[in-house]
Amino acid sequence: MHLKKAFLILAAAGACVASVGCGQKLPEGIPDLLPVTLVLTQEGAPLDAATVSCIPVDAANSRWSCGGTTDAKGELPLTTLGQYKGIPSGEYKVVVMKMLLENPPQTRDDPPGQRYRLVPEEYETADTTPLTFTASKDQKRVELDLGPAIKEEMKSRGPL
């Protein structure tokens, strides 16, 4: 009988812990969040390990930063403020960065490694990116292709 009672107590405790994780408190004033996954490709191939920021066009959403890093499939389920699944509805500019460092310095006295841009520079700022999308209830998946793959040398700006 004691074993049954212990099992019920453990089951109840587990249910309490599980419910705490599911009931994450959202920040005050945050709008409803929509589940949207971005899929980034270059020449049709997945763009993995790219850093993505979604910049709201509507100033009302400007305090709810969205983005993340693409996975091996080029996919990024968007999050708001780095932790809340989904994004507010509205129009967004998509900023994408991906760089490669070759020959990184091994000691403090070594010259800086060579840096390469793997995504065209135009995608790196909200002012110049041509990438946009509108988050809505009907838009669960957004696919964007960044054109030809590149490996463009970047000017050194000193140690990393």
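These exercises work through a predicted model of one protein chain.

**Exercise 1. Get an overview of the chain.**

Task: State how many helices and strands the chain has, and what share of its residues is buried.

Solution.
- Step 1. Count the elements. The chain has one helix and 15 strands.
- Step 2. Look at burial. The chain has 160 residues, and 33% of them count as buried.
- Step 3. Turn to the surface. The chain exposes about 10400 Å². Carbon and sulfur atoms supply 56% of that area.
- Step 4. Check the contacts. Take those with a separation of 6 or more; residues 24 or more positions apart account for 69% of them.

**Exercise 2. Trace the six-stranded sheet.**

Task: Give the strand order of the open sheet of six strands, and name its edge strands.

Solution.
- Step 1. Read the order. It is β8-β7-β5-β4-β10-β13, with antiparallel pairing.
- Step 2. Find the edges. β8 (84–85) and β13 each pair on one side only, so they are the edge strands by that test.
- Step 3. Zoom in on one pair. β4 and β5 (residues 66–69) are joined by four bridges in the antiparallel sense.
- Step 4. Pick one bridge. Val-52 has Gly-68 in β5 as its bridge partner.

**Exercise 3. Trace the three-stranded sheet.**

Task: Give the strand order of the open sheet of three strands, and find the bridge partner of Arg-117 in β15.

Solution.
- Step 1. Read the order. It is β11-β12-β15, and the pairing is antiparallel.
- Step 2. Find the edges. They are β11 (99–102) and β15 (152–153), each pairing on one side only.
- Step 3. Count the bridges. β12 (residues 114–117) pairs with β15 over two bridges.
- Step 4. Name the partner. For Arg-117, the bridge partner in β15 is Glu-152.

**Exercise 4. Explore the largest nonpolar core.**

Task: Say which residues touch the most other members of this core, and which strand gives the largest share.

Solution.
- Step 1. Note the membership. The core holds 23 residues. Leu-38, Val-96 and Phe-133 touch the most other members.
- Step 2. Find the strands. At least two core residues come from each of β2 (37–42), β4 (51–56), β10 (90–97), β13 (132–135) and β14 (141–145).
- Step 3. Find the largest share. It comes from β10, with three residues.
- Step 4. Look around Phe-133. Leaving out residues up to four places away in sequence, Phe-133 touches Val-36, Leu-38, Cys-54 and Val-142, among others.

**Exercise 5. Follow the salt bridges.**

Task: Say how many salt bridges the whole structure has, and describe those of Lys-98 and Arg-141.

Solution.
- Step 1. Give the total. A search of the whole structure finds seven.
- Step 2. Take Lys-98. Its side chain meets that of Asp-48, at 3.1 Å from N to O. Lys-98 lies in the loop between β10 and β11, and Asp-48 in the loop between β3 (45–46) and β4. The two are 50 residues apart.
- Step 3. Compare with the 20% limit for buried. Lys-98 has 16% relative accessibility, so Lys-98 counts as buried. Asp-48 has 33%, and is partly exposed.
- Step 4. Take Arg-141 and Glu-75. Their closest N and O atoms are 3.1 Å apart. Glu-75 lies in β6 (residues 75–77) and Arg-141 in β14, so the pair ties together parts 66 residues apart in sequence.
- Step 5. Add Glu-143. Glu-143 also forms a salt bridge with Arg-141, with closest N and O atoms 3.3 Å apart. Arg-141 is partly exposed at 42%, whereas Glu-143 is exposed at 59%.
- Step 6. Finish with a network. Salt bridges with shared partners join Arg-117, Glu-121, Glu-124 and Glu-152.

Definitions and conventions: Residues numbered from 1 in each chain as written. Predicted model: local features only at pLDDT ≥ 70, side-chain atom pairs only at ≥ 80, totals over all residues. Heavy atoms only, no water. Core = buried A, V, L, I, M, F, W, Y, C linked by side-chain atoms within 4.5 Å. Buried < 20%, exposed > 50% of the residue type's maximum accessible area, 1.4 Å probe, protein only. Contact = heavy atoms within 4.5 Å. Areas by Shrake-Rupley, 256 points an atom, 1.4 Å probe, with all protein chains shown as cover. Salt bridge = Lys/Arg side-chain N within 4 Å of Asp/Glu carboxyl O.
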